[in-house]
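Okay, thanks for coming, everyone. I'll put the structure up and we can walk through it together.

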Amino acid sequence: MKLPTFRNRIKIIKPLCLPVFVVSLILSSTSVLTENIRAQKPTLTQAQTSSKIPKILDANSTLEKIADGFRFVEGPIWHPEGFLLFSDIPENTIYQWKPNEPVKVFRQPSGNANGNTLDLENRLITAEHSNRRVSRTEKDGEIVTLVSEYQNKKLNSPNDLVVKSNGSIYFTDPPYGIKSDQEELGFYGVYRISPDGELTLLINDFVRPNGIAFSPDETKLYINDSQESHIRVFDVKPDGTLTNGRIFATQKHPEKKGVPDGMKVDSQGNVYSTGPGGVWVFSPSGEKLGIIETPETAANLAWGDADYKTLYITASSSLYRIRLNVQGVKQ
């Protein structure tokens, strides 16, 4: 397929190693230290040494830009066959990135796809803005609609999603991809699609629900709210519904651009949420451990590579990656 003029600007590049900044390490509930840690010869203060960040991120880790020239990238997901899929929303395209190969089109049009994940059979599950649906790409390339309506009214604009180990799909539905006069529901919810295809509304009191991720044991579900600049956490009941919602953490910075957006967890239960300045890292208890700063506004992230210890980050017009010391949870 011949790519249009814009896509001819997309290139895979030799990894550009950038300094990694681990910042805003919590010293106490009222004291914050901001320190830039250079990848080349880091100097760790006692406060940084005693923090949990070194167990997650080496002081000499580097952030690599591996592709650029996009318009606005989102929804990365690592496929076990060894490649990364990600969306460019305004370009209406899902791309495929593979080490040492040119970026190529995986699906076009994509329905202005945003978030992507894989189901239990490694089929692509996609939240589509313009089609206002959650879709599945079959192994033969056929694209099927899983849900597009709730109680005979069009969904707003499915944004991000996660798959539970029983095959249920949980997704957020803010209005980002539509105009206000297109809204039919009157609320912005979080839903579950059961393995048999039944759609259930779980929560309807978010202002702008966005990123979504399970704890490693799937007893908790994290959902952030971009407008409220916080992450909420819910207990997951045996029947898959949610209860006991509460504020897990806030993500506000007066000098940095960005809002809570994509979210993932690692095998130790730490929560990674894009936000002002980069990727914010929280402990399972909600303690802010630090921020992996990115040169561009980070929108989403995904674990990848064979050991799931590489964090891939979509940020504005570019794709980045960084190696960590912990393994991510495949969601």
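So, tyrosine 308: buried or exposed? Its relative accessible area is 10%, so tyrosine 308 is buried. You'll find tyrosine 308 in the loop between β28 and β29. Its backbone deserves a look as well, since phi there is near 55 degrees, a positive value in a residue that isn't glycine. One caution before I go on: this is a predicted model.

Serine 316 gives us another case, again a residue other than glycine with a positive phi, near 55 degrees. That serine 316 is in the loop between β29 and β30, the strand at 318–323. And there's a peptide bond to look at: going from glutamine 108 to proline 109 the bond is cis, omega near 0 degrees. Proline 109 belongs to the loop between β9, residues 104–107, and β10. Why point these out? Because most residues other than glycine have a negative phi, and most peptide bonds are trans.

Back to β29, residues 310–315, which is where leucine 311 is found. Leucine 311 has a relative accessibility of 0%, so it counts as buried. What is leucine 311 in contact with, leaving aside neighbours within four places in sequence? The list is Tyr272, Val279, Leu301, Ala302, Trp303, Tyr320, Arg321, Ile322 and Leu324. Then take tryptophan 78: leucine 311 is 233 residues from tryptophan 78 in sequence, yet their C-alphas are 9.9 Å apart in space.

On to the aromatics. How many aromatic pairs does the structure hold? There are 14. Let me start with tyrosine 150 and phenylalanine 187: ring centres 6.5 Å apart, planes at 85 degrees, so that pair is edge-to-face. Tyrosine 150 is in strand β14, residues 149–150, while phenylalanine 187 is in the loop between β17 (169–173) and β18 (188–193), so the pair ties together parts 37 residues apart in sequence. Tyrosine 150 has 14% relative accessibility and counts as buried, and phenylalanine 187, at 17%, is buried too.

Now the other pair I picked out, tyrosine 272 with tryptophan 303, two of the contacts of leucine 311. This pair is edge-to-face as well, 5.1 Å centre to centre with 85 degrees between the planes. Tyrosine 272 sits in strand β25, residues 271–275, and tryptophan 303 in strand β28, so here the parts tied together are 31 residues apart in sequence. Both tyrosine 272 and tryptophan 303 are buried.

There's also a cluster: Tyr150, Phe171, Phe187 and Tyr191 are linked by ring pairs.

Rings with charges over them come next. Arginine 232 lies over the face of phenylalanine 206, 4.3 Å from the ring centre. Likewise, lysine 288 puts its charged end over the ring of tryptophan 280, at 4.2 Å from the centre.

Last topic, the pockets. The largest one has a volume of about 360 Å³. It is lined by 22 residues, and the ones closest to its centre are Leu118, Asp119, Asn122, Lys330 and Gln331. Which strands each supply at least two residues of that lining? β6 (73–79), β10 (113–118) and β28 (298–304) do. As for character, the lining of the largest pocket splits into twelve nonpolar residues, five polar and five charged.

That's my tour; over to you for discussion.

Definitions and conventions
Residues are numbered from 1 along each chain as its sequence is written. This is a predicted model: local features need pLDDT of at least 70, side-chain atom pairs count only at pLDDT 80 or more; totals for chains, interfaces and linings use all residues. Side-chain values use heavy atoms; hydrogens and water are left out. On a 1 Å grid over the protein atoms alone, a cavity is a set of points where a 1.4 Å probe fits but cannot get out, and a pocket is an open set with protein on both sides within 12 Å along at least five of seven lines; lining residues have an atom within 4 Å of a point. Grid points are joined across faces, edges and corners, and a volume is the space filled by probe spheres set on the points. Helices (H or I, at least four residues) and strands (E, at least two) are DSSP runs, numbered from the N terminus. Ala, Val, Leu, Ile, Met, Phe, Trp, Tyr, Cys and Pro count as nonpolar, Asp, Glu, Lys and Arg as charged, and the others, Gly among them, as polar. Rings of Phe, Tyr and Trp (its six-membered ring) pair if their centres lie within 6.5 Å; planes under 30 degrees apart count as stacked, over 60 as edge-to-face and the rest as tilted. Buried means under 20% relative accessible area, exposed over 50%, partly exposed in between (1.4 Å probe, protein chains only). A charge sits over a ring if NZ of Lys or CZ of Arg is within 6 Å of the ring centre and within 35 degrees of the ring normal. Contact means heavy atoms within 4.5 Å.
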